[in-house]
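Okay, thanks for coming, everyone. Let me put the structure up and then we'll walk through how it packs.

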Amino acid sequence: MSETSHVPPAGKPRARALGIPFNGNPGRFNAITDVPGVEVGYTTLISGDGKMAIGEGPVRTGVTAILPLGRNGAGQAIAAGYHSFNGNGEMTGVSWLEEAGALNMPILISNTHAVGPCHRGTIDWMVRNKPEVASQWMLPVAAETWDGYLNDINGPHVSSSHAVAALDAARNGAIEEGSVGGGTGMNCYAFKGGNGTASRIVDYGHRSYTVGVFLQTNFGSRNELTIAGVPLGAELADDNPMETFAASLPAGAGSCIGIVATDAPLLPGQCKALARRVPLGLARTGTAGSHFSGDIFLAFSTGNREALNGRFPKGEPDASTYSHMDFIPWGRMDGFYAAVVQAAEEAVVNALVANAEMIGRDGHRSPALPHDRVVKVLKARGVIAS
C-alpha cells in the first residue's frame, strides 16, 4: 500500500499530520475516493461581510456532489441503505431507496434551505448527461445541514447551476476538506467544522475491500469534544463565541450527513447496517446526539452494479430476465462495521483539523480548532509521543 495522504490538495493538515493516532488501515488517500469509481466535487460560495439584509449575504455556503460510480456510471443501480439517527433534518429520495434498496443517482449535500436547488440541479445534470435515464423518472438524493450561524441561509444564494457545477467538478483522488462545498459554513463542537473524510482497508481472505466515509460535520457541543479518547471540552472551553449565541441556538444543534461507500458486494440491508454504524464513530468524538441535530446516513456498495436495475421492463420475461447478487455473508460483516466506525471517527477530526477561523453573518465568528493546544494535551496524556 502506498503512503497514506496526511495533507489534502490545498495543503491543509489532517489529523494524522498532528500525530493523532487512529485504529485501522487507511487507503491511499484516506478518503471516500479510495473506493474505486467514487468521485467528489464542490462548489464553494464565499462573499460579503458585516451585517447585511436577508438575501444580500454574507454568503458562507456551497454544494458537495458525490457520484458513487463517477459521471459515466450515473443512472446505474447499486445496493444502498440509509439510517436516520435523529430525523431533525432532510435527505430526499430515501423513501424509494428504502423501498427498492437501490441508488442510481448522485448525492448532493448543501445547507438546509438549499435542498430544492440541489434537487433541481441533479435533474438538470442528468438530463444533459444521462438523457436515457431522465426519460423515465428520477428521485434525486439531496441532503442538508444548517449553516445559519455563519451564512445568510434564507437568501437565494445556492442555485441549481451551482449544483450542476459541483457535479461537473467531481473527481477521484485526494479531495479537499474543511470549509468547502456544502461544508463551507458549518461548525463542529463549536469550532469551525465542515467536510471530513477517511477510509479503511478490510482484508477478506483472497482480496481486500475499501470502506470510505464522507461527513458534512455540523454537530456537537464544545463540552463534549473528545479526540483519541481524551476529553478536551474543559481544556478548550474558552473562546466559544458560537455557544454564547446559544440563547437562540441550543448547544449541539446543527446536524451531520454521512455517506459510506464500499466496493465490497453487499445486500441493501447490509448497506443499511453500515449506515447504522456511523453514529458509533461520531460518539467516539464525544457527541451524545442533540435533539436539534439531524443526523442522517446513507451507505452504498459499488459491487453488483445493475443487479437492482428498476428501469421500465421491455418485452416478456424469459429465462434470462433474472438478477443475481454476490454478497458478503452476514456472519463476516464485523470487519466492515469496524471500518465504518474507525473512518467516521477520523473524518470528524479531519474536518476540525483542516480548518481556519471564519467570520460570517452579523460578525458571528467560528474559531479554528487550536492545533497546538490539542497536541499539548494529547502529549501530556501520553497519546502522542513527546
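So, first thing: which strands does α7 lie across, and at what angle does it run to β3? Keep in mind that this is a predicted model. The answer is β3, β10, β13 and β14, with α7 running at about 35 degrees to β3. Then there's α8, which also packs on the sheet. That helix touches β9, β10 and β13, and its direction makes about 155 degrees with that of β9.

Now the sheet itself. It's an open one with six strands, and if you read across you get β4-β3-β14-β13-β10-β9, with mixed pairing. At the edges sit β4, residues 102–103, and β9, and each of those pairs on one side only. Further in, β3, which covers residues 78–86, runs antiparallel to β14, and seven bridges join the two. If you want a spot to zoom in on, Ser84 stands opposite Ile296 in β14.

Okay, the greasy part. In general, nonpolar side chains in soluble globular proteins tend to be buried together. Here the largest nonpolar core has 52 residues, and Ile20, Leu225, Ile227, Leu274, Phe336 and Leu369 touch the most other members. Several elements supply at least two residues each, including β9, β10, β13, β14 and α7. The largest share comes from α8, with eleven residues.

Take Leu274 as an example. Leaving out residues up to four places away in sequence, Leu274 touches Val260, Thr262, Leu266, Ala299, Met333, Phe336, Tyr337 and Val340.

And there's a second, separate core: 27 residues, among them Ile66, Leu103, Ala143 and Ala261. That's it from me.

Methods:
Residues numbered from 1 in each chain as written. Predicted model: local features only at pLDDT ≥ 70, side-chain atom pairs only at ≥ 80, totals over all residues. Heavy atoms only, no water. Core = buried A, V, L, I, M, F, W, Y, C linked by side-chain atoms within 4.5 Å. Buried < 20%, exposed > 50% of the residue type's maximum accessible area, 1.4 Å probe, protein only. Helix = DSSP H or I, 4+ residues; strand = E, 2+ residues; numbered from the N terminus. Contact = heavy atoms within 4.5 Å. Pairing = 2+ DSSP bridges. Axes fitted to C-alpha atoms, helices over the stretch in contact; angles between N-to-C directions.
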